[in-house]
Amino acid sequence: MLEATGSAAAALALGPLGWREARLTDAQQARLRRPDAARLDAHRAWLDTPGRRLVGWCDPDYPPQLKRSPSPPLALFVVGEPARLWHPTVAVIGSRAATPAGRENAARFADAFARAGFAVGSGLAAGIDAAAHRAALDRGALTIAVLGTGPDVAYPPGNRDLHARIATEGVLVSEHPPGTGPRREHFPSRNRILAGLSLGVVVIEAAERSGALITARLAAEAGREVFALPGSIHNPLARGCHRLIRDGATLVETHSEVTAALANPALELASNLRGRLATPIQHHGVAGLSSSAAARPEGLEGSVWDAIGDDPVGIDTLALRTGLTPAALSSMLLAMELDGRIVTQHGRYYRVR
């Protein structure tokens, strides 16, 4: 119905006859006829704060790689800049009850992916997820947390500080509206979004019945690459990884094996972003593929390049210098970052020298 009408407002305006023709269930039609006004007001109040967005199916910021995955959500509640969800992302996942070695491996791989120009995605759970998020943040790189709660709910509670840090320095994303608490059924469905946003999934540690195996399966069904680290036959948290490898996942021992496999999909994603911005691809800075990207670009990107100058600068200052809206500027900065012309650390942009 959204694809046929082009917007949620137009779909709503179809009315009961159009809804029935679109094969909506009776329950769905009832929700459209009688929306929960109090909840909608609460959601609007949450969205009124800068840095929060509702990205619907028809929104140009809806990430294309997620849209092409099985069962994509109709809308995303986002804390942070939605255009950053286009960034080539590697999901680093694994057990909540990770071993010290597992947490170290998660941090080491996440740091390496960040240095290679990838965003690090995970589910903000304890253990492997938290270690991967922190490593990316400590590197000053982008991390994306896909939540099984509302975007304003930190779960587990022990990750409250990490949740707040990602809200400031990275991106939080959820299909559930603000105020939604943790529910068992939400976490497996959360995994399909993480898989859909990512170019590949790296399983660090996983038991035989780990939720990470669900994410890996969903990633494979979405046509994404699945990688797994082998471990000791005596470690029960290695058995899930060994099962994945037997089922066809790629065994990896170093981060470079992952980045090499994902280089071409990353460049395809950069090409999609370039098409949206209607500017030609000249250089690429993802996964060690940068070339002479420090040259001043042409057109509007050249103006942004000039506005960055020789010192690190935040997006608010760049918006004042260029006159561009933060949303338009963020998309352009992401394209320049994918091109290898600039890097971002701790929310500030630097020219590549």
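In these exercises, contact means heavy atoms within 4.5 Å. Helices (H or I, at least four residues) and strands (E, at least two) are DSSP runs, numbered from the N terminus.

This is a predicted model, in which local features need pLDDT of at least 70 and side-chain atom pairs count only at pLDDT 80 or more, while totals for chains, interfaces and linings use all residues. Residues are numbered from 1 along each chain as its sequence is written, and side-chain values use heavy atoms, with hydrogens and water left out.

**Exercise 1. Two helices side by side**

Task: Find which residues of α7 meet which residues of α8, then describe how the helices cross.

Solution.
Step 1. Start with the contacts: G102, R103, A106, A107, A110 and D111 of α7 meet I128, A131, A132 and A135 of α8.
Step 2. Two packed helices are described by the angle between their axes and the distance between the axes. Axes are lines fitted to C-alpha atoms, for helices over the stretch in contact, and angles run from 0 to 180 degrees between N-to-C directions.
Step 3. For α7 (residues 100-115) and α8, the axes come within 8 Å and cross at roughly 35°.
Step 4. Now the hand: a crossing is left-handed if the near helix is turned anticlockwise from the far one by less than a right angle, and right-handed if clockwise. The crossing of α7 and α8 is right-handed.

**Exercise 2. The nine-stranded sheet**

Task: Work out the strand order of the nine-stranded open sheet and say which strands are at its edges.

Solution.
Step 1. Two strands pair if DSSP finds at least two bridges between them. The order is β1-β2-β6-β5-β4-β3-β7-β8-β9, and the pairing is mixed.
Step 2. β1 (52-56) and β9 (250-251) are the edge strands, each pairing on one side only.
Step 3. Look at the β9 end: β8 (residues 225-228) pairs with β9 in the parallel sense over two bridges, and F227 has T250 of β9 as its bridge partner.
Step 4. Add a helix: α8 packs on this sheet and touches β3 (89-93), β4 and β5, with its direction at about 160° to that of β4.

**Exercise 3. Strand β6 and its partners**

Task: Describe the pairing of β6 with β2 and β5, and decide whether its two faces are covered or open.

Solution.
Step 1. On one side, β2 and β6 run antiparallel and are joined by three bridges; V79 stands opposite L172 of β6.
Step 2. β5 and β6 are also joined by three bridges, here in the parallel sense, and A145 stands opposite L172.
Step 3. The chain goes from β5 through α9 to β6 in a right-handed β-α-β crossover. Such a crossover is right-handed if, with the strands pointing away from the viewer, the path from the first strand over the helix to the second runs clockwise.
Step 4. In a regular strand the side chains alternate between the two faces of the sheet. Buried means under 20% relative accessible area, exposed over 50%, partly exposed in between (1.4 Å probe, protein chains only). In β6 (residues 171-174), V171 and V173 on one side and L172 and S174 on the other are all buried, and both faces are covered.

**Exercise 4. Positive phi in two loops**

Task: Compare S71 and L124: where do they lie, and is each one buried or exposed?

Solution.
Step 1. S71 is in the loop between α6 (64-67) and β2 (75-79), and L124 is in the loop between β4 (119-122) and α8 (128-138).
Step 2. S71 has a positive phi of about 50° although it is not a glycine. L124, also a residue other than glycine, has a phi near 60°.
Step 3. S71 counts as exposed because its relative accessibility is 54%, whereas L124, at 0%, counts as buried.

**Exercise 5. The surroundings of N191**

Task: Place N191 and list what its side chain reaches.

Solution.
Step 1. N191 belongs to helix α10 (residues 186-197) and, at 6% relative accessibility, counts as buried.
Step 2. A polar contact is a pair of N or O atoms within 3.5 Å; within protein, one must be able to donate a hydrogen and the other to accept it, and residues adjacent in sequence count only if both atoms are side-chain atoms. The side chain of N191 makes such a contact with the side chain of R190 (2.8 Å).
Step 3. The N191 side chain also reaches the backbone oxygen of G211 at 3.5 Å.
Step 4. Not counting residues up to four places away in sequence, N191 touches G211, I214, T215 and L218.
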